[in-house]
Amino acid sequence: MEIKITIDDANRRLDKFLFSLLGGAGQSFIYKMLRKKRIKLNGGRADGHEILQEGDVIKLYLSPETIDGFRTAREIPAAQPLVGIIHEDENMLVVNKPAGLASHGGMASGDHLLARILYYLYKTGVYSPDATFAPAICNRLDMNTSGVVICGKNLRTLQNINAAFKNREAQKEYLAVVDGIMGQPGESKTLTGLYQKDTSINKATIIPNSPQGKLPPTIHEGQQPSEAITAYTILATASGKTLLNINPITGRSHQIRAHMAAIGHPLCGDKKYGGKPTPHAPAQLLHCHKITIAGRTFEATPPQNFSSGLQEIFGRDVW
């Protein structure tokens, strides 16, 4: 079998392409075939780590029966309807994720945003289960955080958006209500600190940098902490609470929640990080309301309970 790489699969690692192509084969089988030269790239030996380019040729020296047996199409289970579509074109899908819905699988429920997206794209004819690439989410939000999520519908778009986030070329803005008065409306500040996450309890810790700029020791023995940078602007204060527009410069898991807790202002309703209960939401009052990337801005309206909370606390619900 001979496969010529098109622009849609360029810049992908050979082994990952093969894992998708031969979905029923184990990874050990793929690597064994590469070592035995039963799979070649451009007529020569390959180890799987090569980055594919448009026009490359892969040859599989396997029987048609073996290939057909391994080319099992992905199952696309029926999912809940996808709601909150903000924008869609041939390259991307942007949605307003509701609070209470996981971004990916792995939670107790099989219902998550990516499952809804894949089923929607499958039903609309955009995604084929036997394709070598599956659309994927570029930015994750915590289950109880709502707002803008971008999905790359093809490999090039997914890689470009992921690179923009990694290189800090994309700007994410969140609305957050925190406990305590942090200052006057209009004031801005950038927080820095050392970040680590204990995956066993799914909780992050941030140690703010000392005034002298010296970095404190690691939080957990044997683990190397990473930098966390969080910028914010105060939008309003009332009733012992502060409304913030937050721009996480780095993109660590739970970064906003952990950073606000680290400076003594946890998000309202965020029990995991010490926030006081709120009648306006079952968990943290945090909403990703805007993402700007490649000169385009996508905005998501806050959920009804969030807007009602802003109206009740601060006297208005739109900023």
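**Figure 1. The largest nonpolar core of the predicted model, centred on the contacts of Ile-150 and Met-260.** In this predicted model, the largest nonpolar core brings together 46 residues, and those with the most contacts inside this core are Ile-150 and Met-260. Leaving aside residues up to four places away in sequence, Ile-150 touches Met-92, Leu-93 and Val-94, then Ala-136, Ile-137, Cys-138 and Asn-139, and also Ile-161, Ile-291, Ile-293 and Phe-298. Apart from this core lies another one, of 19 residues, which includes Ile-3, Ala-25, Leu-60 and Leu-62. In soluble globular proteins, nonpolar side chains tend to be buried together.

**Figure 2. The hairpin formed by strands E13 and E14.** Strand E13 covers residues 286-293 and strand E14 covers residues 296-299; the two run antiparallel and are joined by 4 bridges. One residue of this pairing can be followed directly, since the bridge partner of Thr-292 in E14 is Thr-297. Between the two strands there are 2 residues, and Ala-294, which lies in the turn, has a positive phi of about 50 degrees. Two residues in this region, Ile-293 and Phe-298, are also among those touched by Ile-150.

**Figure 3. A salt bridge between Lys-59 and Glu-2.** The closest N and O atoms of Lys-59 and Glu-2 are 3.8 Å apart. Lys-59 belongs to strand E3 (residues 57-60) and Glu-2 to strand E1 (residues 2-4), so the salt bridge ties together parts of the chain that are 57 residues apart in sequence. Lys-59 counts as partly exposed, at 34% relative accessibility, whereas Glu-2 is exposed, with a relative accessible area of 55%. This pair belongs to a wider set, as a search of the whole structure finds 10 salt bridges.

**Figure 4. A salt bridge between Arg-156 and Asp-8.** The side chains of Arg-156 and Asp-8 meet with an N to O distance of 3.4 Å. This pair links distant parts of the chain, with Arg-156 in helix H5 (residues 155-166) and Asp-8 in the loop between E1 and helix H1 (14-21), at a separation of 148 residues. Both partners are partly exposed: the relative accessibility is 34% for Arg-156, and the relative accessible area is 39% for Asp-8.

**Figure 5. The loop between E1 and H1, with Asn-11, and the salt bridge of Arg-13 with Asp-15.** Asn-11 lies in the loop between E1 and H1, and although this residue is not a glycine, Asn-11 has a positive phi of about 70 degrees. Most residues other than glycine have a negative phi. At 41% relative accessibility, Asn-11 counts as partly exposed. A little further along the sequence, Arg-13 forms a salt bridge with Asp-15, in which the closest N and O atoms are 2.6 Å apart. The two partners differ in their surroundings, for Arg-13 counts as partly exposed at 28% relative accessibility, while Asp-15 is buried, with a relative accessible area of 0%.

**Figure 6. A network of salt bridges joining three residues.** Here the view turns from single pairs to a linked group, in which Asp-142, Arg-257 and Asp-270 are connected in a network of salt bridges.

**Figure 7. The two sides of helix H2 and the loop that follows.** The buried residues of H2 are Ile-30, Met-33 and Leu-34. These three cover an arc of only 105 degrees around the axis, and therefore lie on the same side of H2. An α-helix has 3.6 residues a turn, so residues three or four places apart point the same way. Ser-28 and Arg-35, on the other side of H2, are exposed. The cover over the buried residues of H2 includes H1 and E2. Just after H2, Lys-37 takes a positive phi of about 60 degrees; the place of Lys-37 is in the loop between helix H2 (27-35) and strand E2 (39-41), and at 41% relative accessibility Lys-37 counts as partly exposed.

**Figure 8. The whole protein, as a setting for the close-up views.** The protein has 7 helices and 14 strands, and the C-alpha atoms fill a box of roughly 70 × 45 × 40 Å along the principal axes. Of its 319 residues, 44% count as buried. Among contacts between residues at least 6 apart in sequence, 64% join residues at least 24 apart. The accessible surface comes to about 15900 Å², and carbon and sulfur atoms account for 48% of this area.

Definitions and conventions:
Residues numbered from 1 in each chain as written. Predicted model: local features only at pLDDT ≥ 70, side-chain atom pairs only at ≥ 80, totals over all residues. Heavy atoms only, no water. Core = buried A, V, L, I, M, F, W, Y, C linked by side-chain atoms within 4.5 Å. Buried < 20%, exposed > 50% of the residue type's maximum accessible area, 1.4 Å probe, protein only. Contact = heavy atoms within 4.5 Å. Pairing = 2+ DSSP bridges. Salt bridge = Lys/Arg side-chain N within 4 Å of Asp/Glu carboxyl O. Areas by Shrake-Rupley, 256 points an atom, 1.4 Å probe, with all protein chains shown as cover. Arc of directions from axis to C-beta.
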